[in-house]
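Subject: Structure handover

Hello,

Here is the structure I promised to pass on. Please open it alongside this note; my findings follow below.

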Amino acid sequence: MNQRNGVNNTGKPGLTGLTRMIKATQYSFKGLRAAFKYESAIRQELLLLIIFVPIALLLDVTNVEKILLVASLVLVLIVELVNSAIEAVVDRIGTEHHELSGRAKDIGSAAVFVSLCLSAFIWFIIVVL
């Protein structure tokens, strides 16, 4: 492994073991802070989590159903984080309109939409029916 400035030839830091896990956790929290700071959709979906997770836990349903309700909400947040990352990379490349950039952003947005539909479907089936 050829290392230069703590980075190996794969472009990734050459950390291993516990040090790598600690650094990865720090990067994850940095990403969460950036998403919260710069993405209004993330803030809105976190607000939905804060409202609906306690409701899911208080509903008179089985534990598996509670897990499904909460997991469907967390899935929306996860997909939104991925979509935000895609948008950031596309914007980093350039702000001018490009068909592939637009397609990437549209597909990311579609993924968020599908996760929202799935969450609504799960909530409807468990809570309403």
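One cut-off first: a residue is called buried under 20% relative accessible area, exposed over 50%, and partly exposed in between. F52 has a relative accessible area of 30%, so it is partly exposed. Keep in mind throughout that this is a predicted model.

**Overall fold**

The protein chain has four helices and zero strands. Its pattern along the sequence is α-α-α-α. There are 129 residues in the chain, and 23% of them are buried. Take the contacts between residues at least 6 apart in sequence: 59% of these join residues at least 24 apart. The exposed area is about 9,500 Å². Carbon and sulfur atoms supply 67% of that area.

**The aromatic pair**

Back to F52. The structure holds one aromatic pair. Its members are F52 and W123, in an edge-to-face arrangement. The ring centres are 5.3 Å apart, and the planes make an angle of 75°. The pair links distant parts of the chain, with F52 in helix 2 (residues 40–58) and W123 in helix 4. In sequence the two are 71 residues apart. W123 has a relative accessible area of 12%, which is under 20%, so W123 is buried. F52, at 30%, is partly exposed.

**Helix 2, further along**

L57 is also worth a look. This residue is found in helix 2. Its relative accessible area is 47%, so L57 counts as partly exposed. Which residues does L57 touch, leaving out those up to four places away in sequence? They are K66 and V70. L57 and V70 are 13 residues apart in sequence. Their C-alpha atoms are 8.3 Å apart in space.

**Salt bridges**

How many salt bridges does a search of the whole structure find? It finds two.

One joins K105 and D91, with the closest N and O atoms 2.6 Å apart. This pair links distant parts of the chain: K105 sits in helix 4 and D91 in helix 3, 14 residues apart. K105 is partly exposed because its relative accessibility is 27%. D91 is partly exposed too, with a relative accessible area of 39%.

The other joins the side chains of E99 and R103, at 2.8 Å from N to O. Here both residues lie in helix 4. They are four residues apart, about one turn of the helix. E99 has a relative accessible area of 56%, which is over 50%, so E99 is exposed. R103 comes to 41% and therefore counts as partly exposed.

**N83 in helix 3**

Is N83 buried or exposed? At 6% relative accessibility, N83 counts as buried. The residue has its place in helix 3. Its side chain reaches the backbone nitrogen of S109 at 3.3 Å. Beyond its neighbours within four places in sequence, N83 is in contact with K105, G108, S109 and V112. K105 thus turns up twice: in contact with N83, and in the salt bridge with D91.

**The nonpolar patch**

Last, the surface. A nonpolar patch there covers about 1,000 Å². V74, L75, I78, V82, I86, L118, F121, F124, I125, V127, V128 and L129 make it up. Helix 3 (63–93) and helix 4 (99–128) each supply at least two of its residues. Which helix gives the largest share of the patch? Helix 4 does, with six residues.

I86 is one of the patch residues, and its place is in helix 3. Its relative accessibility is 31%, so I86 counts as partly exposed. A patch residue needs over 30% relative accessible area, so I86 passes that cut-off at 31%.

**In short**

- Fold: four helices, zero strands.
- Aromatic pair: F52 with W123, edge-to-face.
- Salt bridges: K105 with D91, and E99 with R103.
- Buried polar contact: the N83 side chain to the backbone nitrogen of S109, with N83 at 6% relative accessibility.
- Surface: a nonpolar patch of about 1,000 Å², with its largest share from helix 4.

Best regards

Terms used: Residues are numbered from 1 along each chain as its sequence is written. This is a predicted model: local features need pLDDT of at least 70, side-chain atom pairs count only at pLDDT 80 or more; totals for chains, interfaces and linings use all residues. Side-chain values use heavy atoms; hydrogens and water are left out. Buried means under 20% relative accessible area, exposed over 50%, partly exposed in between (1.4 Å probe, protein chains only). Contact means heavy atoms within 4.5 Å. Accessible areas come from the Shrake-Rupley method with a 1.4 Å probe; for residues, only the protein chains shown count as cover. Patches are made of residues with over 30% relative accessible area and no salt bridge: like charges are joined within 9 Å, nonpolar side chains (Val, Leu, Ile, Met, Phe, Trp, Tyr) within 5 Å. A salt bridge is a side-chain nitrogen of Lys or Arg within 4 Å of a carboxyl oxygen of Asp or Glu. A polar contact is a pair of N or O atoms within 3.5 Å; within protein, one must be able to donate a hydrogen and the other to accept it, and residues adjacent in sequence count only if both atoms are side-chain atoms. Rings of Phe, Tyr and Trp (its six-membered ring) pair if their centres lie within 6.5 Å; planes under 30 degrees apart count as stacked, over 60 as edge-to-face and the rest as tilted.
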